Amino acid sequence: MKVSRRDLLAGAAGVVALGKTAAMQAVQPTADPSKVRGKPSRALGQRALSEKPQRQPRGVASSGTPHQDLYGTITPADLHFERHHGGVPEIDPKSYSLLIHGMVERPMVFSLADLKHFPSVSRVHFLECSGNFGGRGTATDITPQQLAGLTSTSEWTGVALATLFREVGASPKATWFLAEGQDAAVLTRSIPVSKAHDDALIAYGQNGEAIRPEQGYPARLLLPGWEGNANVKWLRRIELSDRPFMTREETSKYTDPMADGTARIFSFLMDARSLITYPAFPVTLSRGWIEINGIAWTGSGKITRVDISTDDGATWTPAKLQQPVLSKAHTRFRHLWNWPGNSEAVIMSRAVDETGYVQPTRTDLLATRGMSTVGYHFNPVTGWLVRPDGTVVYRTEQWS
Amino acid sequence: MKYALCCAFVGAFCAISIAAAQTAKAPAKAPTKESSPKEPPTFGIGRPATPAEIAALDIDVGPDGVGLPPGRGTSADGAPIYAARCASCHGKTGKEGPNDVLVGRLPGDAFPFAKDPRAPKTIGSYWPYATTVFDYIRRAMPPDKPGSLRDDEVYGLTAYLLSLNELIPADAVVDATSLPKVKMPARDRFVPDTRGKPKPR
């Protein structure tokens, strides 16, 4: 592309106006784009140069979706949350295969091409890590990403697991299957066969393209509405059985100690939850009309209502739900609020799903769960505190 | 110049499309079938798995001991392997960390995990099945060389950890027969998930 003296001058003017460094000169938008020929077509698109949404890694094994930077309900694939137990493996799609064996008539091996050869289905679903609660401490400078970044929504494409189970002749006596990954953790979970007949997929597509490595490339198990780690990624093997396998993840890790001295095992379902993504920390509000908005989701089906409170839970008003509301998918809610300024307010959201389940308060949850070590399946109503000066922070609560 | 050529090309294409649309005047035929065919019982996609292929991947061990390989090990066998391969992450005696605390029993085998966020979920206090210890070490440990331990080494490490947790005698032999019989104190603490009914929980 030929660069004229005029382009350079316009670019330089922009740099001076915006006070950016010389290194930024090449990417600086021109002052009047209508006076300069734009860029030619190219093989791969990229974000506008000013837009830099980022996942936020927590250690080496997880990173959260920047909900405060996103619109609508579909999570861009490169911002989908991550959680892995042995790092992200690099798998050659040409040598990839999925073995299905155990209580079947015909143990079989499927290549990636084989999986794509079967009839496919595309569905929009959320995924959520069962440990998706970052609001436990005393810190108030918590973003939506830090509070609940370990959930994302994608359109997933794959083959119904029920189709594969018919192909191998799964025994009617098989009640559980083991799903095993090809990562360094060789992660395993036992899953009831009934989920395969309900809505489980072997997914290879995400938002129209191949699944990203962090989400299980080239193929993963997808169990709509069930806790993230059971949706085994980099899937290499399925073994059908008549009992669960009692793997490390499903016994010593992803179980839920209860206040009564027991622990729930195989607690797959992700209950209804909502998250206000605006306004939230670190936004500063000005007085006037504000569209409170956020996302709500439930593993039990569709969100039927999201209530909003702007007075710390004293009164609640149903928000508008963005249509279409899809089953087991993030649903965007919106609520208009006229903030008078110079006053304090706590804004909260509360999701209700098609089973009638109401997102519980923290107090309700603690009464049943107690102060469990990690807090899996912790989905309380949370609040954002709007201070008189318009700054918004996470509203902390007493934990003991 | 390239732009001009491109526009000319697009223009010609549009003209052809319009012409085609104008000649296609006959009404479209109604579908002759009511719907796309139903799925057949099988598609004939994929290939049979060989016994060798299955054996190479079928490493899981069940709570009943199914899948445990031949071999054996004792605490004495496991101790030096633990010191060399495990202690840097799990501590000299399995209690020190920095990673998961593996060793420790609570008085009266209490189960305070919902109340005390700091109580470590050790093998002796929380794990419901001893077979899981073997399965997990063999498939995923140690992280710098996962899946590299021989079956006898895994049996030895399993014996060492069970012994440190006072679940088996110090001189006990752990193998495919004895491991599933180890009684784990927390076994009966685990209950099915009862959620799924329409009320807050």
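This is a short tour of a predicted model with chains A and B, stop by stop.

**Stop 1: chain B as a whole**

Show chain B alone. It holds six helices and four strands. Followed along the sequence, they come in the order α-β-α-β-α-α-α-α-β-β. Chain B has 201 residues, and 31% of them are buried. Now consider contacts in chain B between residues at least 6 apart in sequence: 62% of these join residues at least 24 apart.

**Stop 2: helix H3 of chain B**

Select residues 75-85 of chain B, which form helix H3. Which residues of H3(B) are buried? Colour B:Ser75, B:Gly78, B:Ile81 and B:Tyr82; these are the buried ones. They span an arc of only 125° around the axis, so they sit on the same side of H3(B). Turn to the other side of H3(B), where B:Pro80, B:Ala83 and B:Ala84 are exposed.

What do the buried residues of H3(B) pack against? Add strand E2 (72-74), helix H4 (87-90) and H6 of chain B to the view; these are the partners.

**Stop 3: where H3 crosses H6 in chain B**

Keep H3(B) on screen and select helix H6 of chain B, residues 151-164. The two axes come within 7 Å and cross at roughly 100°. Angles of 65 to 115 degrees count as roughly perpendicular, so H3(B) is roughly perpendicular to H6(B).

Show the side chains at the crossing. H3(B) brings B:Ser75, B:Asp77, B:Gly78, B:Ala79, B:Ile81 and B:Tyr82. H6(B) brings B:Glu153, B:Gly156, B:Leu157, B:Ala159, B:Tyr160 and B:Ser163. By type, the contact residues are six nonpolar, four polar and two charged.

**Stop 4: helix H5 of chain B**

Select residues 131-140 of chain B, helix H5. Nine of the 10 residues of H5(B) are buried, so the helix is largely enclosed by the rest of the structure. The buried ones are B:Thr131, B:Thr132, B:Val133, B:Phe134, B:Asp135, B:Tyr136, B:Ile137, B:Arg138 and B:Arg139. Bring chain A back. The buried residues of H5(B) pack against helix H6 (248-253) of chain A together with H6 of chain B.

**Stop 5: the side of chain B that touches chain A**

Widen the selection to the contact between the chains. Here 45 residues of chain B are in contact with 55 residues of chain A. On the chain B side, strand E1 (47-48), helix H2 (51-57), helix H5 (131-140) and strand E4 (190-192) each supply at least two residues. Which of these elements gives the most? H5(B) does, with six residues. The chain B side divides into 25 nonpolar, seven polar and 13 charged residues.

Zoom in on B:Ile45, in the loop between helix H1 (2-23) and E1 of chain B. B:Ile45 has 18 other C-beta atoms within 10 Å, so it is partly exposed. Leaving aside residues up to four places away in sequence, B:Ile45 touches A:Asp114, A:His117, A:Phe118 and A:Glu167.

**Stop 6: the two domains of chain A**

Hide chain B. Colour residues 70-254 of chain A as domain 1 and residues 273-394 as domain 2, following the domain assignment. The C-alpha centres of these domains lie 28 Å apart. Each domain puts residues into the contact: 23 from domain 1 and 23 from domain 2.

Pick out strand E6 (121-128), helix H3 (144-148) and strand E7 (151-160) of chain A. Each supplies at least two residues of the side of domain 1 that touches domain 2. That side of domain 1 has 10 nonpolar, 11 polar and two charged residues.

**Stop 7: unusual backbone spots**

Most residues other than glycine have a negative phi, and most peptide bonds are trans. Four places to inspect follow.

- A:Phe266 is not a glycine, yet has a positive phi of about 55°. Find A:Phe266 in the loop between strand E15 (263-265) and strand E16 (273-278) of chain A. A:Phe266 counts as buried, with 22 C-beta neighbours inside 10 Å.
- A:Asp312 also has a positive phi, about 60°. Look in the loop between strand E18 (303-309) and strand E19 (317-318) of chain A. With 14 C-beta neighbours inside 10 Å, A:Asp312 is partly exposed.
- The peptide bond from A:Gln323 to A:Pro324 is cis, with omega near -5°. A:Pro324 is in the loop between strand E20 (320-321) and strand E21 (331-339) of chain A.
- B:Gly97 and B:Pro98 are joined by a cis peptide bond, with omega about 15°. Show chain B again and find B:Pro98 in the loop between H4 and H5 of chain B.

Note on methods
Residues are numbered from 1 along each chain as its sequence is written. Chains are lettered from A and ligands numbered from 1 in the order in which they are written. This is a predicted model: local features need pLDDT of at least 70, side-chain atom pairs count only at pLDDT 80 or more; totals for chains, interfaces and linings use all residues. Axes are lines fitted to C-alpha atoms, for helices over the stretch in contact, and angles run from 0 to 180 degrees between N-to-C directions. Angles under 35 degrees count as roughly parallel, over 145 as roughly antiparallel, 65 to 115 as roughly perpendicular and the rest as oblique. Two residues are in contact if their C-beta atoms, placed from the backbone, lie within 7 Å. Ala, Val, Leu, Ile, Met, Phe, Trp, Tyr, Cys and Pro count as nonpolar, Asp, Glu, Lys and Arg as charged, and the others, Gly among them, as polar. A residue is buried if 20 or more other C-beta atoms lie within 10 Å of its own, exposed if 12 or fewer, and partly exposed in between; C-beta atoms are placed from the backbone. Domain bounds come from an automatic or database domain assignment. The arc is that of the directions from the helix axis to the C-beta atoms.
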